[in-house]
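Here is a quick briefing for anyone opening this structure for the first time. Have the chains on screen and follow along.

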Amino acid sequence: MVETLVTLNNVSKKFCRRLRRSLWYGILDIFAELLGSKRANVKLRKEEFWALKDINFELKKGELVGLIGANGAGKTTLLKLMSGLIKPDKGEIAIRGKIQALIALGAGFNPILTGRENIYINGAVLGFTRREVDALMKDILEFSEMEEFVDMPVQSYSSGMHVRLGFAVAVNLKPDILIVDEVLAVGDASFRRKARNKMMELLHSGISVIFVSHNMALISSLTSRCIYLDRGRVVAIGPSDEVTSLYLSDSIKRTKEAASHMKNMWMEAAYLTIPEVFGMDRVGLIDGEGREVGEFRTFDDIIVVFEMDFRQKLEKVLLAMTIRDQVDDVVVSSSKLSMNEKPNEGKVRVECRMVKNRFREGNYNIGFYVSDFEGGSFYKSHNVGSFTILADMRLIRHQDSTQGFVVMDANWEVKQ
Amino acid sequence: MTELNLDLPITRYTPESRMRHPLVLLKDMWHDLKASRELGWRLFIRDISALYRQTALGYFWAVFPPLVTTFVFIALKSSEVFSVKDMGMSYPAFVMMGTIFFHVFVDALNAPLKVINESKSILTKINLPREAFILSGIGEVLFSFSIKLILLTAVFIYFHAHVSWMAIFAVIPLLGLLLMGTMLGVLLIPLGLLFKDIQSALTIFTSGLVFLTPVGYSKATGGTLGKLIEINPITPLLITAKDLVIGKMPGNLAPFFVVFGVTLVLLFIGWVIYRLALPIIIERIGM
C-alpha cells in the first residue's frame with residue numbers, strides 16, 4: 001500500500017472582500033484564538049466569501065499531481081493551506097513530512113547581497129543548517145549554472161538567473177513534498193528542460209510533487225492525476241487526460257461567452273460597405289456532410305458558405321477571407337479572383353472549403369473582404385462569422401507540441 | 001485516511017484555537033525557538049551586511065542617536081533649563097552612559113516590528129519558524145550596542161570617568177532593558193502589522209520618552225517630572241546599570257526585581273500571542 005503524505009478532509013477557507021473589514025475581522029479572530037475558541041461552526045460574515053469549499057484530497061508518496069484552474073480559482077490558497085501558512089476555516093489538513101513550497105522563488109533574497117550569501121539565507125529559510133547547505137553548494141551551483149555569478153550582488157541578476165538560483169536551492173534540498181507553482185513557466189527553454197528532468201528525478205526517489213500550471217500539455221504529460229478547481233470548488237479529480245480535456249472545453253466555453261459578448265459590441269457590422277454595389281446576405285458554416293455546425297475538430301474539412309448579392313455587375317472581383325484567432329492575429333488567409341465570370345453579378349452562393357484544417361483548439365473569427373482588384377473596396381468585415389475547434393487531448397499529446405499557430409500533419413518514419 | 005507506520009512527523013492543521021492544546025503549543029514553541037537560531041543568525045547577518053553596505057555613513061548610524069541626545073542634554077544643562085545635583089562624575093560621560101543604556105531599550109522596542117515589516121514578503125509566502133525574526137532583531141540591537149560601547153569607552157577615557165569592577169554586573173539590568181523593550185515590541189506586532197501607522201508612532205513616542213527617564217537628570221528630581229520618572233519602569237533598570245558601572249552600591253533593589261520579573265512574564269505572554277496571531281494576520285496582509 002502506498003503511503004499517504006497529505007490528506008485534506010472537507011477543507012474550506014474564507015476571505016473578506018474589503019480590506020478594512022478584513023483587518024477588523026483579523027482582530028476579532030485573534031481574540032477568538034487567544035480565548036481558545038473551538039470554531040466548530042464557521043459561517044460567512046458580511047463581505048466574506050468561500051475561497052475554497054469542501055476540498056477532499058489525498059496525496060500519495062512519489063506521486064506527481066497537477067493542480068489546474070483559472071486565475072482566481074483558489075490554487076495558491078490551497079497551496080498555502082497545505083504548507084501550513086494559513087489555517088483552514090473548516091475541515092482538517094494532515095501532513096506527514098516536510099513540505100517545501102515553491103510558492104515564491106528566491107524567498108528572502110536580499111538584492112544587495114551576493115548570490116552565495118542568499119543561498120545560505122534561502123537554505124536557512126527552508127530550514128537547513130549552514131553545514132547542510134555547504135554540502136549541497138556544489139550541486140546548487142552546477143544546477144543553476146551560476147558558478148561565475150554567485151559572488152555578485154543579486155540585484156545585478158536577470159530575472160532568469162533569479163529563477164535558476166531560487167529553484168536550484170529549493171530543489172536540491174530534498175523535501176518530502178515539493179510544490180511547484182508556475183515556476184517552470186519562467187526561464188529559458190534549456191532551463192525549463194533541466195527543471196523538468198530534475199522533477200522526474202525527484203519523483204523517482206519517492207518525493208511527491210504538486211504541480212500548478214496553465215500548460216495543459218505539460219500537465220497531462222507529466223502528471224498521472226490532476227485536480228481541477230473552479231471558484232474555490234473541486235470540479236474534478238482524476239486521470240490527467242480527462243481532467244485537462246474537461247478544463248480546456250470549459251475554458252473554450254468561457255472565452256466563447258466572453259467573446260460573443262464582445263463581438264456584439266464592436267465588430268458586428270462590417271466596417272465598410274457600399275450597399276449599392278454589394279450586400280452580404282448570410283454567412284454560415286457546414287461540415288463535410290453538409291450539416292450546419294459551429295464546432296469542428298482539427299483535420300476536419302470546414303466549409304464557409306457566403307450568400308452574397310452583387311447589385312452591380314463587376315468585371316473584376318477579388319474575394320478575400322481571413323481566419324483570426326482569439327487575440328486577433330491572422331492565422332491563415334485565402335482569396336479568389338474572378339475576371340468576367342461568376343461571382344460578379346446577382347445573387348451568388350460561394351463556398352470556401354478549408355480542406356483538412358490545421359487549426360489548434362480555440363475560437364476563430366472569419367473576416368471577409370470584397371474589392372474590384374483596382375483599389376475599390378465594396379465590403380470589409382473582420383467578423384462575418386466564427387467557429388470553434390474542439391480540444392482533443394489525445395491529438396495534442398500525440399503531436400507533443402503546443403507551439404506554433406497551426407497544427408502540422410506530419411509523418412514520422414524510421415528509415416533503416 | 002491510511003494509517004501507516006512511518007517515521008515522518010505528522011502535522012495537523014484545524015480551525016480550532018491552538019490554546020485548546022497548551023502542551024502541544026508549548027512543545028511547538030520550544031521546537032521553533034531551537035529551529036530559529038540558525039535562521040535568526042542568517043537574517044541578522046543579512047540585515048547588518050545589507051544596511052552597512054548600502055548607507056554612506058555605515059556604522060556611524062549606530063552612534064548617531066546617543067550623540068544627538070547627549071548634546072541636547074548638555075546644551076539644556078548649560079543654559080540651565082534644569083538643575084542637576086552633582087553625581088560624582090563628569091556630566092557628559094554621565095549623560096552618554098545613560099543615553100546608550102536607554103537606547104538598548106529603545107532599539108529593542110523598535111526592532112521586532114521593524115524586522116517583521118521588512119520581511120513581509122517571506123512571511124506571506126513561506127511557512128518558517130517566526131521566532132527567527134525576533135532573534136535577528138535582538139541580534140541587531142546587541143550589534144548596535146557594541147558599536148555604541150566603543151563610543152562610550154572613548155568618552156569615558158576622555159573625561160577621566162572611573163569605571164568600577166562591579167560594571168560587569170551591569171549586564172543584568174541591561175539584559176532587563178533589552179528584554180523589556182523586546183517584550184513591548186513583540187506585543188505591538190499584531191497591531192503594527194495590521195495598521196501601518198503604528199511603527200511611525202512608535203518612533204515618535206520613543207524619541208520623546210528619554211525625557212521621562214533619569215538619563216539626563218539624577219533621580220532626585222522634583223515635581224511632576226520626578227514623579228513620572230519614579231514610576232517609569234525603565235528607571236530601576238537604568239539606575240541600577242549606571243550605579244554598577246560607577247561602582248555605587250545599588251539602593252533599593254525591590255523595584256528592580258519586580259520590573260525584571262514582570263518583564264519575563266509579559267515576554268512569555270507576548271510570545272504566545274505572537275505565535276497565535278501571526279497566521280491570522282498573514283492571510284490578511286498580502287497574497
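Just after helix H3 of chain A, Gly127(A) takes a positive phi of about 100°; helices here are DSSP runs of H or I with at least four residues, strands are runs of E with at least two, and both are numbered from the N terminus. Keep in mind that this is a predicted model, where local features need pLDDT of at least 70, side-chain atom pairs count only at pLDDT 80 or more, and totals for chains, interfaces and linings use all residues. Residues are numbered from 1 along each chain as its sequence is written, while chains are lettered from A and ligands numbered from 1 in the order in which they are written.

**Helix H3 of chain A**

- H3(A) is mostly covered, with ten of its eleven residues buried; buried is the word when 20 or more other C-beta atoms, placed from the backbone, lie within 10 Å of a residue's own, against 12 or fewer for exposed and anything in between for partly exposed.
- Among the buried residues of H3(A) are Gly115(A), Glu117(A), Tyr120(A) and Val125(A).
- The cover over these buried residues includes, from chain A, helices H4 (130-144) and H5 (159-172), and from chain B, helices H1 (22-54) and H4 (120-123).

**Where the chains meet**

- 48 residues of chain A are in contact with 40 residues of chain B, contact being C-beta atoms, placed from the backbone, that lie within 7 Å.
- On the chain A side, S1, helix H1 (19-34), S4 and helix H3 (115-125) each supply at least two residues.
- H1(A) brings the largest share of that side, nine residues.
- Sorted by class, the side of chain A that touches chain B has 23 nonpolar, 13 polar and twelve charged residues; Ala, Val, Leu, Ile, Met, Phe, Trp, Tyr, Cys and Pro count as nonpolar, Asp, Glu, Lys and Arg as charged, and the others, Gly among them, as polar.

**A sheet built from both chains**

- Four strands make an open, antiparallel sheet in the order S2(A)-S1(A)-S4(A)-S1(B), where pairing takes at least two DSSP bridges between two strands.
- Why is one side of S2 (48-60) of chain A and of S1 (10-13) of chain B left without a neighbour in the sheet? Both stand at the edges with a single partner strand each, so there is nothing from the sheet on the other side.
- On average, neighbouring strands are turned by 20° against each other, direction ignored; axes are lines fitted to C-alpha atoms, for helices over the stretch in contact, and angles run from 0 to 180 degrees between N-to-C directions.
- Within chain A, five bridges join S1 (residues 4-16) to S4 (residues 90-96), and Leu8(A) has Ile93(A) as its bridge partner in S4(A).
- Across the chains, four bridges join S4(A) to S1(B), where Tyr13(B) is the bridge partner of Ile93(A).

**Chain B**

- Chain B has ten helices and one strand, and from the N terminus on the strand is followed by the helices.
- Its C-alpha trace spans about 80 × 45 × 35 Å along its principal axes.
- Of the 287 residues of chain B, 41% count as buried.

**Domains of chain A**

- Chain A is divided into domain 1 (4-98 + 175-252) and domain 2 (267-394), with bounds from an automatic or database domain assignment.
- The C-alpha centres of these two domains lie 45 Å apart.
- Seven residues of domain 1 are in contact with seven residues of domain 2, and helix H8 (residues 240-266) gives the most to the domain 1 side, with six residues.

Definitions and conventions. Two residues are in contact if their C-beta atoms, placed from the backbone, lie within 7 Å.
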